[in-house]
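Please look over the structure below. A short report on its strands, its ligand shell and a few backbone angles follows.

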Amino acid sequence: MTLADRDEELRELAEAEIRKNQGSVEADPYRLTYHHMPPTGLMNDPNGWIQWNGTYHLFYQWLPFHTGHGAKFWGHRTSEDLIHWTEQTPALTPSEWFDKDGAFSGSAVVADDQLHLFYTGNLDGDTGPEEEYQCAAVSVDGINFKKKGVVIERPEGYTSHFRDPKVWHHEGNWYMIVGAQTMDKQGQVLLYQSQDLENWEFIGPAAGSFRGPLKAFGYMWECPDLFPLNGRDVLIVSPQGLEPDGMDYANTYQSGFFTGTLDYDTGSFDHGAFRELDRGFEFYAPQTMEDEQGRRLLIGWMGVPDQEEEAHPTTANHWIHALTLPRELTWKDGRLMQSPAEELQAMRGPVLLHSSITIENDQKAVRGVEGRSIELNLEFEKLGDQFALEFYQYASLSYRKGVLTLSRPRLDEHSKTEFRRVRLEQPLNSLRIFADTSSLEIFVNGGEEVFTSRIFPQPEEEHILFTSLGESTFSIEKWNLSGWTLEQG
Ligand code: FRU
C-alpha cells in the first residue's frame, strides 16, 4: 500500500466512525453547545492555532476510533468570528513511518503565502524504536496539507520524550521551542533557530527543571509556548510530575507560566516563579497566538491526561473531552489577566438584570438565574463572612477569608482532590461565569484567576443557589447563550 493510500484509508475509517456514532453523540445531554468537542472519539490539545487572511484556524488532537489516547490525527476547524465554525477535512493523519503512532501536538505559522504546520511524529516503540521527531507540513489553500517529513531529530542527552514544537518569528528569524526530557528525567524546553523553516539549528535548553531557580520541577515539560506580552516574555508550559504544594498543583498535571526575558543569542530564558494559569480541575496544554487585531488569544484543553475514560459519562455516547473558550491574555498591574474573547457576546440573548440583591444568613435562588447554557456576571458591593454559589446540586464555588474554592465530586481515583483553591490578591469583586451543559468556566476579578472544569450534574437540573453567611449584596446580569454553529466544510 502506498502512503497516499494509507492516508486515504485512515480518513475513510474516521468518517465511517463519525457516521456510526453521530446519532448517539448528538443525542448526548452532555453535548456542549458552545465549546469544541470531537465529532466522535477523543479530543485533546488545541494545535496550530492561528489567524490567516482573516480566518481563524484551530486544529486539535483527535483520536476518532475510541475514547482513549493513541495514534492521533489533527482535526481542523475554521471560523471568521470565533462563533460560526466549519469542520474541515482532518489536516494530518498518522500515515507515514515518522508519525504512524500519532501526529502529536504542534503549531502553525504563515510564510510565503503558505500555512506551515510543525508537529511531532510519534513512534510508540511497540513495533520498532520509541522515538519522537519534529515534522512539517504545508498548505497553499489552508485546507489540504502536504507533509514535508522530519525537520528535527532529537538531540543527544535527551530521551524520546521530545515533542510539541511551537514556532514564531522574531527580528528576521524563526524560532521553535520544543518540550523535552533529559536522560536523568528532568523536564526542559529546547530552543531552535531557522532562517527558512527547513534547516533548524539547536541553540540550547531555554528553561527547565533544575535550571535557574528551579529544583526538581517535573520530569517532562509538555506543550511549551513562548511569546512577548507587554514588554516581557511569557513561557507557558505543562510540566508533568509536580507534587501538590499547599493550594497549588492539585491536579494530576498542571499548566502554568513563567514571565521573564529570553536571550535570543544564548537561548537562555531568565524567569521568575511558576504560576498556574487555571485553578479548575480540567485545564491542560493551552496554546496561544497573536491574531490580526494584535490580541494574544489562548485556547486550552478542557481535560487532563490520565483521567479514566469511564469517569466521563460521555464515553457511553462515544466521545470525550473538549476545549476551553478562547481567552484574551493581557497584562495589568503586574499580573497576567485572562478574559473571554469579546466575540462570545454575540451568543447572548436579552439580559436579565438584578441590580441589587441582598442575602443575609440564607440560601436562595434568584428569579430567572438558572439554566445550563448561560453566562452570569456578578458584581459585589458587600460580602459577608462566607459567600457561595451552588451549581445544579453538583459543584460549588465559595469564598471565605480571601480564599476561593471550587468543589466538585471526584471523577476517578486519579483525581487528587475534590477541592481546587486559590487565595486572591484582592478581595472578591466580580465573577463572570460561563456554564455549558457539562462545563464551567469562572473568571474571577476581571480574569486574575480562572477556574475551568467539566461538570456532570443531572441533565435536567438547572438550579443555581446563592448562600451568604452574614450579609452580601451584589448585582447579577444573566444571559441565555444561543450556542455556536459547526457546519461541515
Ligand atoms: C499533551 C500531550 C502532548 C502530545 C499530545 C498527544 O496533552 O501529551 O505532549 O503531543 O498530548 O496527543
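## Pairing of strand β25

In this predicted model, β25 and strand β32 (residues 464-480) run antiparallel and are joined by 6 bridges. F391 stands opposite I464 of β32.

β25 also pairs with strand β26 (residues 395-400), again in the antiparallel sense, over 6 bridges. Here S396 is the bridge partner of E390. The two strands form a hairpin with 3 residues between them. Y392 sits in that turn and has a positive phi of about 55°.

## Faces of β25

In a regular strand, side chains alternate between the two faces of the sheet. Strand β25 (residues 386-391) shows the alternation. F387, L389 and F391 point to one face and are buried. Q386, A388 and E390 point to the other face and are not buried.

## Ligand shell

Which residues are the closest to the ligand? They are Q61, F104, S105, E222 and A285, in a shell of 14 residues. By class, the shell has 5 nonpolar, 4 polar and 5 charged residues.

Several strands each supply at least two residues of the shell. They are β1 (41-52), β5 (103-111), β9 (158-170), β13 (220-229) and β18 (284-290).

## Positive phi in two loops

K185 is not a glycine, yet its phi is positive, about 60°. K185 lies in the loop between β10 (173-182) and β11 (187-194). It counts as partly exposed because it has 14 C-beta neighbours inside 10 Å.

N445, also a residue other than glycine, has a positive phi near 50°. Its loop runs between β30 (439-444) and β31 (449-454). With 19 C-beta neighbours inside 10 Å, N445 therefore counts as partly exposed; the cut-off for buried is 20 or more.

Notes
Residues are numbered from 1 along each chain as its sequence is written. This is a predicted model: local features need pLDDT of at least 70, side-chain atom pairs count only at pLDDT 80 or more; totals for chains, interfaces and linings use all residues. A residue is near a molecule or strand if its C-beta atom, placed from the backbone, lies within 6 Å of it. Helices (H or I, at least four residues) and strands (E, at least two) are DSSP runs, numbered from the N terminus. Ala, Val, Leu, Ile, Met, Phe, Trp, Tyr, Cys and Pro count as nonpolar, Asp, Glu, Lys and Arg as charged, and the others, Gly among them, as polar. A residue is buried if 20 or more other C-beta atoms lie within 10 Å of its own, exposed if 12 or fewer, and partly exposed in between; C-beta atoms are placed from the backbone. Two strands pair if DSSP finds at least two bridges between them.
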